[in-house]
Amino acid sequence: MPGTGKEMLSGSTIAVSETNRLQELRDQIDPINLDILALLNKRAEIALEIGQVLQSMGTVHYDPQREAEMLTALQYANEGPFSNETISKLFSEIFRATLALEEQDARQTILVQRKRPDQHTIIEFDNGLRLGNDSFEIIAGPCAVESYEQMDTVAAALAERGVKMIRGMGYKPRTSPYDFQGMGEEGLKIARRAANKYGLVVISEVLDMSLIPMMDEYVDAFWVGARNMQNSFLLRALGKQSKPVLLKRGFGATLKEFIYAAEYIMASGNQQVILMERGIRTFSQWTRNTLDISAVPLLKQETHLPIIVDISHSAGRRDIANPLGRVARVSGADGLMVEVHPNPDVAMSDAKQQLNLDQFNQLMDDIESIGGRY
Ligand code: PEP
Ligand code: MN
């Protein structure tokens with residue numbers, strides 16, 4: 001039947017030519033993909049250069065105004081078939097990816113950033129204490145200096161356990177101006193005397209840059225409290241000092257803000273910075289703050305600075321200090337900070353979280369029983 005034969009022939013001819021057309025169209029798509037890829041990467045390279053120029057001008061990378069202008073221009077030029085909405089979504093994604101790349105690139109150039117896996121800052125003190133050195137060190141002492149007897153008792157207990165750094169706050173940042181504000185310079189003198197007697201180094205909070213010259217006479221390292229983490233004038237002033245600076249994370253600070261605060265100190269010339277995670281504010285009501293333990297491995301990954309975990313202010317309660325201490329020990333941190341007072345119940349500040357000497361010794365036993373490197 002010629003008719004049927006002809007139809008069959010024409011059917012298969014159509015099938016063959018459709019397959020060819022499909023292949024031909026696909027062959028057109030593949031190089032377009034490669035063109036888009038090349039253009040995206042070219043765009044990214046130019047954006048990185050823009051980022052570097054902006055950085056040298058001291059300006060932030062994200063410019064919402066510029067982004068809005070580019071989107072408007074694209075919508076104006078768009079002839080379809082993609083809708084303007086789709087074009088906006090696609091380009092917004094490109095902008096987002098570019099910004100992330102610029103930020104990553106900018107971080108590579110900051111001093112805080114770890115550049116090689118084996119880059120570690122080790123901070124050494126006169127009495128042999130080394131922070132950031134694979135060992136796990138303890139910083140301990142009362143919340144505030146209250147008397148010589150108090151500091152002497154604590155210093156003796158610390159030295160007995162091999163602790164090399166005592167905290168002794170002369171100035172206390174308190175919520176209420178009517179609460180005990182610290183003994184001031186007198187307290188620092190006491191801390192220094194007690195520390196000298198037992199071969200300890202002293203660290204104390206510097207609440208204001210005007211206090212730096214006076215405090216320099218008594219302390220071995222400066223301490224920046226959570227409330228002052230973003231006080232750029234104070235950070236810059238400490239960046240001009242030759243003694244190490246311990247920087248606490250603000251209770252509302254992201255890790256990015258935290259490392260940039262450290263950058264202020266380093267960029268001003270002082271490379272000896274110690275980071276301290278001290279808990280952040282969350283909806284949790286059973287602790288004073290929430291210990292963000294994930295900050296430890298993340299900061300270790302991003303920075304080369306020593307990281308210490310404050311197990312006292314993060315929880316605000318002594319009954320869980322011990323498990324938090326053990327968690328800190330295995331977190332990869334370089335040490336922990338704990339408040340210790342001969343008689344915490346009558347402490348002038350932070351009475352609920354300070355450990356008595358027995359509790360401190362128990363904590364030390366438990367931490368020492370955990371071996372290994374983390
Ligand atoms: C402190 O360590 O005594 C203190 C006041 O801590 P923070 O600054 O973290 O509140
Ligand atoms: Mn305290």
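# Briefing: strand E3 and its surroundings

Ile139 counts as buried, because 26 C-beta neighbours lie inside 10 Å of it, and a residue needs 20 or more of them to be called buried. The structure is a predicted model, and this briefing starts from Ile139, which belongs to strand E3 (residues 137–141), before turning to the domains, the ligand and some backbone details.

**Strand E3 and its partners**

- Five of the five residues of E3 are buried, so the strand is largely enclosed by the rest of the structure.
- In a regular strand, side chains point alternately to one face of the sheet and to the other. In E3 both faces are covered, since Glu137, Ile139 and Gly141 on one side are buried, as are Ile138 and Ala140 on the other.
- E3 runs parallel to E10, to which five bridges join it, and within this pairing Ile138 stands opposite Leu336 of E10.
- E3 also pairs in the parallel sense with strand E4 (residues 165–167), here over two bridges, and the bridge partner of Ile139 in E4 is Met165. Between E3 and E4 the chain passes through helix H4 (residues 148–160), and this β-α-β crossover is right-handed.

**What Ile139 touches**

- Which residues does Ile139 touch, leaving aside those up to four places away in sequence? They are Met165, Arg167, Ile203, Ile308, Gly335 and Met337.
- Ile139 and Leu363 are separated by 224 residues in sequence, while their C-alpha atoms are 13 Å apart in space.

**Domains and helix H7**

- The chain is divided into domain 1, covering 12–109, and domain 2, covering 123–370, and the C-alpha centres of these two domains lie 48 Å apart.
- In helix H7 (residues 232–239), the buried residues are Leu234, Leu235, Ala237, Leu238 and Gly239. These buried residues of H7 pack against two helices, H6 (212–215) and H8 (255–267), and against two strands, E6 (221–224) and E7 (245–248).

**The surroundings of ligand 1**

- Ligand 1 is surrounded by Cys143, Met169, Pro173, Gly225, Ala226, Arg227, Lys248, Arg278 and His313.
- How many residues of the shell around ligand 1 are nonpolar, polar and charged? The shell divides into four nonpolar, two polar and three charged residues.

**Backbone details**

- Most peptide bonds are trans, and most residues other than glycine have a negative phi. The bullets below describe a cis peptide bond and two positive phi values, at Asp134 and at Asp350.
- The peptide bond that joins Gly80 and Pro81 is cis, with omega at about 10°, and Pro81 has its place in the loop between helix H2 (64–77) and helix H3 (84–108).
- Asp134 is not a glycine, yet it has a positive phi of about 75°, and Asp134 lies in the loop between strand E2 (130–131) and E3.
- Is Asp134 buried or exposed? Asp134 counts as exposed because it has 10 C-beta neighbours inside 10 Å, and a residue with 12 or fewer falls in that class.
- Asp350, again a residue other than glycine, has a positive phi near 50°, and Asp350 is found in the loop between strand E10 (335–339) and helix H11 (357–368).
- Asp350 is buried, because 20 other C-beta atoms lie within 10 Å, whereas Asp134 counts as exposed.

How values were computed:
Residues numbered from 1 in each chain as written. Chains lettered and ligands numbered in written order. Predicted model: local features only at pLDDT ≥ 70, side-chain atom pairs only at ≥ 80, totals over all residues. Helix = DSSP H or I, 4+ residues; strand = E, 2+ residues; numbered from the N terminus. Contact = placed C-beta atoms within 7 Å. Domains from an automatic or database assignment. Near = placed C-beta within 6 Å. Nonpolar A, V, L, I, M, F, W, Y, C, P; charged D, E, K, R; others polar. Pairing = 2+ DSSP bridges. Right-handed = clockwise from strand over helix to strand, strands pointing away.
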